[in-house]
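Reader: Hello! I am new to this structure and would love a close look at one part of it.

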Amino acid sequence: MSIDVRPATVFEDVKALVGPKRADASVCWCLSYRIPSTINNPMRGQERGEFVAKLLEEGPLGVLAYDGDTPVGWAAVAPRSATTFARNRKIPHVDDLPVWSVWCIRVRPGHRGKGISHHLIEGAVAFAREQGAPAIEAYPLDNGGAKVDLTMAYAGLRANFEAAGFHHAADTTSVLSGHPRVLMRRDLD
């Protein structure tokens, strides 16, 4: 298996990773941290996918991991200032650097346990660096090796970010699936 990570620009590939199985479902599309809840919460069904398609017209929404031509993984990455993390009360700002955030890692069933999340993290780092980011942050679960419900593991795991050269920059007051989230950072210069 050869994994290639590249910017998420193809709607159908983004849909394969973060779109719902049913077109009328009002879930995911990885919008909850990307846009304000006043815009996100009222959207229903296909309107969510149409919103993502319009966002893609402005540029990549993150990175996708491919096994050949098949999209097998997703990482949402964008400037923190363009996300709800810019004003999140539970996730602190360490300083005033215009950092980028990576907040969602997803690997398709059937492809998990093969190191794809590590490729996605490195791909997100490379993408942020190419866009001129001075640093990149993540807000993963500090699960201490405990099992994490796969649905709630989207934030990533501290150990995976440490393996990618991120360091613990701050504690947060955010908790997900019973595990505290920590602010991890990697300088890019």
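Reader: Could you start with one residue and its surroundings: does Arg186 count as buried or exposed?

Author: Happy to help! This is a predicted model, in which local features need pLDDT of at least 70 and side-chain atom pairs count only at pLDDT 80 or more, while totals for chains, interfaces and linings use all residues. Residues are numbered from 1 along each chain as its sequence is written, and side-chain values use heavy atoms, with hydrogens and water left out.

Arg186 counts as buried, at 16% relative accessibility; buried means under 20% relative accessible area, exposed over 50% and partly exposed in between, with a 1.4 Å probe and protein chains only. Arg186 forms a salt bridge with Glu122, their closest N and O atoms being 3.1 Å apart. Such a bridge is a side-chain nitrogen of Lys or Arg within 4 Å of a carboxyl oxygen of Asp or Glu. Because Arg186 lies in strand 7 and Glu122 in helix 4, the pair ties together parts that are 64 residues apart in sequence. Glu122, at 34% relative accessibility, is partly exposed. Helices (H or I, at least four residues) and strands (E, at least two) are DSSP runs, numbered from the N terminus.

Now for the sheet. Its 7 strands form an open sheet in the order 1-2-3-4-5-7-6, with mixed pairing; two strands pair if DSSP finds at least two bridges between them. Strand 1 (3-7) and strand 6 stand at the edges with a single partner strand each, so one side of each has no neighbour in the sheet. Strand 1 pairs with strand 2 (residues 62-67) in the antiparallel sense over 5 bridges. Helix 4 (residues 116-130) packs on the sheet, touching strands that include strand 5 (135-138) and strand 7 (179-187), and its direction makes about 150° with that of strand 4. Contact here means heavy atoms within 4.5 Å; axes are lines fitted to C-alpha atoms, for helices over the stretch in contact, with angles from 0 to 180 degrees between N-to-C directions.

There are further charged pairs to find. The structure holds 7 salt bridges, and Arg80, Asp95, Glu137 and Arg185 are linked in a network of them. Within that network, the side chains of Glu137 and Arg80 meet at 3.3 Å, N to O. Glu137 lies in strand 5 and Arg80 in the loop between strand 3 and strand 4, so this pair ties together parts 57 residues apart in sequence. Both Glu137 and Arg80 are buried.
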